[in-house]
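Trainee: I would like to learn how to read a structure, one feature at a time. Where do we begin?

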Amino acid sequence: PPDLAPLADAVMGKVWSSVAEYIWQKGPFTLTPNPVAGCLAGKTEIGDNIEDEWLIISLLFVITEQFPFLVCTVRDNDGEVLLIEAGEVVADWMRPETTTNRVFISQGGVVIIPLSPQHPGHIPLFGPHVYSVDQAEDEPPVLPLRDALRIVGACGADFQCKAVTQVARQRTAGYPAKALSPTFAVHTVACVLPGSVAWLLHRNPQLVSEAVNALYYRDPFAVQACHQMVQFHPSSSPPVQCMVTFTRCLYAMLAHQDLSPPPCTLR
């Protein structure tokens, strides 16, 4: 199998500079080699901030434009996110059970492999994987991923769905720059924090999402640890005022919390 590490470095190098300062809700977008499958793969937990998902999709559009030989597929817990977003414009036959291995991002557009060839020249590429709409109603069509990628590589441009591409492009318009825009995505607030915490956030702003999520989803063990304030007790780390940047989702999560100060800070 080919060495995928240099490709992963090249791909992430192309897009990472545009999102290096972005604060991810749960974890950053990454693509790493999957030698078994022979591809680059990534999995990101987006939590409560749906904008993370569309930022990632915008990066996949950029990647397939910068690396035209790459083909991407993206799904979330609900399934084919691109088809769900474009639900009002997709064809009637496009349902979860009929679109497995048929929806891809290629060369900056959304490619949807149809049930049957649309041109005589496509017939050899489809081989036995030809279905009518009526057949798809009775039995979900099976298109192996290897065959799907071969079709996209040979004639993906012929199957680019303009309607779905337009919807996806409208949803991602302005990204990735919009993800760092103070008027749309981020909120900067003056906070009084223990000096050690301020220093940590200055060195690694992404830690603010860890802190907010820990507070928002706090469990008894975390609360007990926080009450002891072993690492960040006010007596050992005098408070300072600093500017902290949140995504709007993280700030909203924090602003709606009702939290009493730990007893150790009131002595």
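Mentor: Begin with a term: a residue is buried when its relative accessible area is under 20%, exposed when over 50%, and partly exposed in between. Keep in mind that this is a predicted model. Now take strand 5, residues 109-112: G109 and V111 point one way, V110 and I112 point the other way, and all are buried.

Trainee: Which strand is joined to strand 5, and by how many bridges?

Mentor: Strand 4, residues 103-106, is joined to strand 5 by four bridges, and the two run antiparallel. Look across the pair and you find I105 opposite V110. Two residues lie between the strands of this hairpin, where Q107 takes a positive phi near 50°.

Trainee: Now a helix. Which residues of helix 6 are buried?

Mentor: In helix 6, residues 145-155, the buried ones are D147, A148, I151, V152 and C155. They lie on the same side of helix 6, because they cover an arc of only 135° around its axis. R146, G153 and A154, on the other side, are exposed.

Trainee: What do the buried residues of helix 6 pack against?

Mentor: They pack against strand 3 (71-72), strand 4, strand 5 and helix 4 (123-126). So the hairpin strands from before turn up again, as packing partners of helix 6.

Trainee: How should I read charged side chains?

Mentor: The general idea is that side chains of opposite charge can pair when their charged atoms come close. Here there are six salt bridges. One of them is within helix 6: D147 pairs with R150, with the closest N and O atoms 2.9 Å apart. These two residues are three apart in helix 6, about one turn.

Trainee: Is D147 buried or exposed?

Mentor: D147 has a relative accessible area of 17%, so it is buried. Its partner R150, at 37%, counts as partly exposed.

Trainee: Which residue forms a salt bridge with E80?

Mentor: R75 does, with a closest N to O distance of 3.2 Å. E80 counts as buried because its relative accessibility is 11%, whereas R75 is partly exposed at 45%. Salt bridges can also link up into a network, as they do for E51, E85 and R171.

Trainee: Last, the surface. Which residues make the nonpolar patch?

Mentor: W199, L200, L207 and F232 make a nonpolar surface patch of about 340 Å². F232 sits in the loop between helix 10 (220-228) and strand 7 (239-247). Its relative accessible area is 31%, so F232 is partly exposed.

Terms used
Residues are numbered from 1 along each chain as its sequence is written. This is a predicted model: local features need pLDDT of at least 70, side-chain atom pairs count only at pLDDT 80 or more; totals for chains, interfaces and linings use all residues. Side-chain values use heavy atoms; hydrogens and water are left out. Buried means under 20% relative accessible area, exposed over 50%, partly exposed in between (1.4 Å probe, protein chains only). Two strands pair if DSSP finds at least two bridges between them. Patches are made of residues with over 30% relative accessible area and no salt bridge: like charges are joined within 9 Å, nonpolar side chains (Val, Leu, Ile, Met, Phe, Trp, Tyr) within 5 Å. Accessible areas come from the Shrake-Rupley method with a 1.4 Å probe; for residues, only the protein chains shown count as cover. A salt bridge is a side-chain nitrogen of Lys or Arg within 4 Å of a carboxyl oxygen of Asp or Glu. The arc is that of the directions from the helix axis to the C-beta atoms. Contact means heavy atoms within 4.5 Å.
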